[in-house]
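Please find below some numbered points on the structure, set down for your consideration. They take up ring interactions, disulfides and core packing in turn.

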Amino acid sequence: MKRFACFALLVISWAANASAYSVGFDQVQLYTDSDRPLKASVWYPSQTTFPTERIAENAAFFGSNVVRVGTPLAGKFPLVVMSHGYRGNWRNQNWLATKLAQDGYVVASLDHPGTTSFDHSAQAAAQWWQRAGDLSRLLDWLLNESYLLPNIDANNVTAIGHSLGGWTVMLLAGAQFDRDQLKQECSLKASPRVCGLMAELGLDQPQVGEPNGSLQDTRIKRVVSLDLGLARSFSRQSLQSLTTPTLILAADIDIGDLPQAEESGFLAQYIPKNKRQYIVYPDAAHFSFMQLCKPGAIDLIEEENPGDGIVCKDGNERSRDELHQVMYQDIIRFIQAS
C-alpha cells in the first residue's frame with residue numbers, strides 16, 4: 001500500500017510538472033530619457049523551451065530556470081505586477097514570479113529607485129509616492145507599448161508586494177497616506193524598524209512634488225500584501241472605504257519591532273471583511289517571503305554583512321520551501337476567486 005501511495009505521489013508530481021508552462025524571461029530599461037528610469041523584469045509563458053539559464057541565483061540564494069527572451073505563448077494571460085521590499089530587488093520574489101508564469105501568468109517586477117539594493121539615492125527614497133507611480137508606469141508600458149501586449153488580459157491585473165512593497169500596493173488599492181496619523185502612532189508606540197524610516201522615506205514632513213489624495217490605480221483588480229510595514233500610516237477612513245479585494249498575508253514570528261498584529265493586523269482591523277482575507281503563518285518570519293536560501297547562507301551573509309543573515313531565518317516547524325508552497329496556494333486561490 002505504501003509503495004502504491006508513493007507511486008501515486010510521483011505520478012501526480014510528474015503530471016503537475018509536465019503541465020507547467022516553460023517560463024520566458026526578459027529585462028527591459030524603461031523611461032531611460034526621464035529622471036526616474038526603471039529596470040523591469042518580466043516572466044511569461046513561453047513557446048520556447050530551451051536553452052534554459054539560471055537567473056536570480058548567487059552564493060546565498062537559489063534561483064530558477066528560464067528561457068531568456070523566449071517566444072511568448074499565444075493566448076491571453078492574467079497579469080501580476082510586483083513590488084519589492086525596502087532595499088530589496090526583483091530577485092526577492094523570483095520564486096513566486098516563476099511559479100505564476102509556469103501556471104499561465106505574465107508577471108512583471110522592477111527595482112524602485114532609491115529603495116533598491118542597487119540604488120540608495122536619498123532624494124529618490126524620500127519621494128515615497130513614486131513607488132506606487134513606478135508600478136503604474138510599468139502598467140502603462142505593459143498595457144500600451146510592450147511586445148507582450150497581445151498576451152495580457154488587461155481586465156485581470158493583480159499587484160503583489162512584500163514589506164515596503166506591500167505598503168506600495170496598498171496605495172494602489174486606494175489606501176491613503178496620513179502623515180499626522182503616523183506621527184501620532186509613532187509617538188504612542190515608537191518602532192525603530194518602522195518609525196525610524198520616516199525621515200529617509202520622506203514621511204516625516206511634506207516633500208516637494210508630493211501629491212494630495214489617492215494614488216489608486218483602478219486597472220489593478222486585487223492586491224496581495226506580504227507582511228507589509230508602515231500600515232499605521234494609512235488613514236483609517238481610507239482603509240474602511242477600500243473596495244479593492246485584498247489578501248493580507250502575515251508572518252507571526254517577529255524579527256524585532258515589526259509585529260504583524262500592528263502591521264498586517266492593522267489592515268485587517270479596518271478594511272471591510274467582505275473586501276479582505278487575512279492569513280497569519282505562525283511559523284513564518286518576515287523574510288520567509290523571499291527566495292530560498294542555500295545551506296550555509298546565514299554564515300556567508302553574516303561574514304559579509306553582520307546582522308543581515310536574518311534574511312535566511314524562518315520558524316522551526318516548516319522549511320521555507322514548504323512555506324512557499326502554502327503561501328503560493330493561498331495566493332493563487334485568492335487571485336482566481338476574486
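1. In this predicted model, the charged end of Lys 99 is placed over the ring of Tyr 328, at 5.8 Å from the ring centre. A second arrangement of this kind involves Arg 137, whose charged end sits over the ring of Tyr 31, 4.0 Å from its centre.

2. As for contacts between rings, the count comes to 11 aromatic pairs. Ring pairs join Trp 128, Trp 129, Trp 167, Phe 177 and Phe 234 into a cluster. Phe 234 also appears among the residues touched by Met 170, a residue taken up again under point 6.

3. Two disulfides are found when the whole structure is searched. With the bonded cysteines of the chain numbered in sequence order, they pair 1-2 and 3-4.

4. One disulfide is formed by Cys 186 and Cys 195, with 2.0 Å between the sulfur atoms. The torsion about its S-S bond is about -85°, and the disulfide of Cys 186 and Cys 195 is therefore left-handed. Both cysteines, Cys 186 and Cys 195, are buried.

5. Cys 293 and Cys 312 form a disulfide with sulfur atoms 2.1 Å apart. Here the torsion about the S-S bond is about -90°, so this disulfide is left-handed. The pair connects distant parts of the chain, 19 residues apart: Cys 293 lies in the loop between strand S10 (276-285) and helix H9 (297-304), while Cys 312 lies in the loop between H9 and helix H10 (320-337). Are the two cysteines buried or partly exposed? Cys 293 counts as partly exposed because its relative accessibility is 22%, whereas Cys 312, with a relative accessible area of 10%, is buried.

6. The largest nonpolar core has 67 residues, and within it Leu 138 and Met 170 touch the most other members. Leaving aside residues up to four places away in sequence, Met 170 touches Ala 175, Val 223, Ser 225, Leu 228, Phe 234, Leu 242, Thr 246, Leu 267 and Ile 271. Another core, of 32 residues, lies apart from the largest one; its members include Val 80, Met 82, Ala 97 and Phe 334. As general background, nonpolar side chains in soluble globular proteins tend to be buried together.

7. On annotation, an unreviewed UniProt entry places the feature "domain: PET hydrolase/cutinase-like" at residues 50-171. Over residues 50-171, the chain is 30% helix and 26% strand, and the C-alpha atoms at the two ends are 39 Å apart.

How values were computed
Residues are numbered from 1 along each chain as its sequence is written. This is a predicted model: local features need pLDDT of at least 70, side-chain atom pairs count only at pLDDT 80 or more; totals for chains, interfaces and linings use all residues. Side-chain values use heavy atoms; hydrogens and water are left out. A nonpolar core is a set of buried Ala, Val, Leu, Ile, Met, Phe, Trp, Tyr and Cys residues joined through side-chain atoms within 4.5 Å. Buried means under 20% relative accessible area, exposed over 50%, partly exposed in between (1.4 Å probe, protein chains only). Contact means heavy atoms within 4.5 Å. UniProt positions are given in the numbering used here, feature names are shortened, and annotations may be inferred rather than shown by experiment. Helices (H or I, at least four residues) and strands (E, at least two) are DSSP runs, numbered from the N terminus. A disulfide is a pair of cysteine sulfur atoms within 2.5 Å. Rings of Phe, Tyr and Trp (its six-membered ring) pair if their centres lie within 6.5 Å; planes under 30 degrees apart count as stacked, over 60 as edge-to-face and the rest as tilted. A charge sits over a ring if NZ of Lys or CZ of Arg is within 6 Å of the ring centre and within 35 degrees of the ring normal.
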